[in-house]
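Work through the exercises below with the sequence and the model open. Each task is followed by a solution in steps.

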Amino acid sequence: MDRRTALRRVGLLVFAVNVCLAAAKAGVWYATGSLAVGSEAVNSLSDSAYSLVVVAGLYLTTQPPDFEHPHGHERIEPFVSLFVAAGVFLAAGGVLYSAVRSLLSPAPSAGGGSALAVGVLVGSAAAKLLLYRYCLRAGRRRDSPALVATAKDNRNDVLTAVAALVGVVGAAAGYPTLDPLAAVVVGVGILYTGYEIVRDNVGYLVGAAPPDDLREEILRRALDHPEVRGAHDVIAHYVGPEVDVSLHIEVEGEMSLNRAHAIETEVVESVRSIPAVDDVFVHVDPKELGEWKVDDAPGVPFTE
């Protein structure tokens, strides 16, 4: 399955699960009157709305290159992730506001410890945990920051479902303040998740350098070619979730232009086969000019 199909399939699955959970929680809310379940129904409804935007964003980011976007549309994906982060921050604010308000003005919880309410909250937590693991695995396998952000948001939903469950069971046991206290802890956790999503995606937008081990792998692949005598001026940076690379390689100055071009093509293909790498630009220098210099990347061998 190609990346485009995989991302769209995961996005549609997330949307479908959120719609089903919203409907189930709304039904239990109507049947039991549980305020905790009611708040979870609203949460799932908002998740359905933002997951629809994520599906649209993944559709756009997986479009093939065109005349106006010759390098593709991958740069859209970090913006989708930041949209998810905005939703996470709003959810955290709502949870903290409701929790503080409940602590300052405690009111009896409705709905008690209904088995139906407990059941739907346990089911919601289990479904969101499975969705978190599925989205995280798919996001890492496909190098998709939007899916990783969605996974983290599903992890938040596990926490909110557990907090609501604490509230339902606490009300039944005669401790209604357990609900807002748990919500405060959850709200702080959600805020941190929003920070994680922003931190992980800002680098994609500003062209940050990839991890050192990727840069070392790029150098190794260039120098593995038996006719490459040196490499220098390696520049690797993120363009959306993918990495663009440029570097200089040095070859024997007396070889034919055709052979030098063939070496350049072979190095480009070798570096481009790294999963995280998108475009590769290689400049060929004659080694006799003496332009190459020892790179500071640890553990990278150089030849002359």
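**Exercise 1: a lysine in the first helix**

Lys25 belongs to helix α1 (residues 3–32); helices are DSSP runs of H or I with at least four residues, strands are runs of E with at least two, and both are numbered from the N terminus. The model is a predicted one: local features need pLDDT of at least 70, side-chain atom pairs count only at pLDDT 80 or more, and totals for chains, interfaces and linings use all residues. Residue numbers start from 1 along each chain as its sequence is written, and side-chain values use heavy atoms, with hydrogens and water left out.

Task: decide whether Lys25 is buried or exposed, and state how far its C-alpha atom is from that of Leu121.

Step 1. Buried means under 20% relative accessible area, exposed over 50%, and partly exposed in between (1.4 Å probe, protein chains only).
Step 2. Lys25 has a relative accessibility of 1%, so Lys25 is buried.
Step 3. The C-alpha atoms of Lys25 and Leu121 are 8.1 Å apart, although 96 residues separate the two along the chain.
Step 4. Leu121 is among the buried residues of α4.

**Exercise 2: helix α4**

Task: compare the expected span of helix α4 with the distance between its end C-alpha atoms, and list which residues of α4 are buried.

Step 1. The expected span is 1.5 Å times one less than the number of residues.
Step 2. Helix α4 (residues 115–141) has 27 residues, so the expected span is 39 Å; the end C-alpha atoms lie 39 Å apart, in agreement.
Step 3. The buried residues in α4 are Ala117, Val120, Leu121, Ser124, Ala125, Lys128, Leu131, Tyr132, Cys135, Leu136, Ala138 and Gly139.
Step 4. Just after α4, Asp143 has a positive phi of about 50 degrees.

**Exercise 3: salt bridges**

Task: state how many salt bridges the structure holds, and describe the pairs of Asp157, Glu216 and Arg259.

Step 1. A salt bridge is a side-chain nitrogen of Lys or Arg within 4 Å of a carboxyl oxygen of Asp or Glu.
Step 2. The structure has seven salt bridges.
Step 3. In one of them, Asp157 meets Lys128 at 3.0 Å, N to O. This pair links distant parts of the chain, with Asp157 in helix α5 (residues 145–173) and Lys128 in helix α4, 29 residues apart. Asp157 is buried at 5% relative accessible area, and Lys128 is buried at 1%.
Step 4. Glu216 pairs with Arg220, with the closest N and O atoms 3.7 Å apart. Both lie in helix α7 (residues 212–223), four residues apart, about one turn of the helix. Glu216 is buried at 12% relative accessibility, whereas Arg220 is partly exposed at 30%.
Step 5. Arg259 pairs with Glu227, the closest N and O atoms being 2.4 Å apart. This pair also links distant parts of the chain: Arg259 is in helix α8 (residues 257–272) and Glu227 in the loop between α7 and β1 (230–239), 32 residues apart. Salt bridges with shared partners join Glu227, Arg259 and Glu266 into one network.

**Exercise 4: helix α6, rings and patch**

Task: find which rings form an aromatic pair and at what angle, then name the residues of the nonpolar surface patch.

Step 1. Rings of Phe, Tyr and Trp (its six-membered ring) pair if their centres lie within 6.5 Å; planes under 30 degrees apart count as stacked, over 60 as edge-to-face, and the rest as tilted.
Step 2. The whole structure contains one aromatic pair. The ring centres of Tyr192 and Tyr195 are 5.7 Å apart and the planes are at 40 degrees, so the pair is tilted.
Step 3. Both tyrosines lie in helix α6, three residues apart, about one turn of the helix. Tyr192 is partly exposed at 46% relative accessible area, and Tyr195 is partly exposed at 44%.
Step 4. Patches use residues with over 30% relative accessible area and no salt bridge; like charges are joined within 9 Å, nonpolar side chains (Val, Leu, Ile, Met, Phe, Trp, Tyr) within 5 Å. Accessible areas come from the Shrake-Rupley method with a 1.4 Å probe, and for residues only the protein chains shown count as cover.
Step 5. Phe79, Val202, Leu205 and Val206 make a nonpolar patch of about 370 Å². Helix α6 (residues 178–206) gives the largest share, three residues. Val202 is in helix α6 and is partly exposed at 38% relative accessible area.
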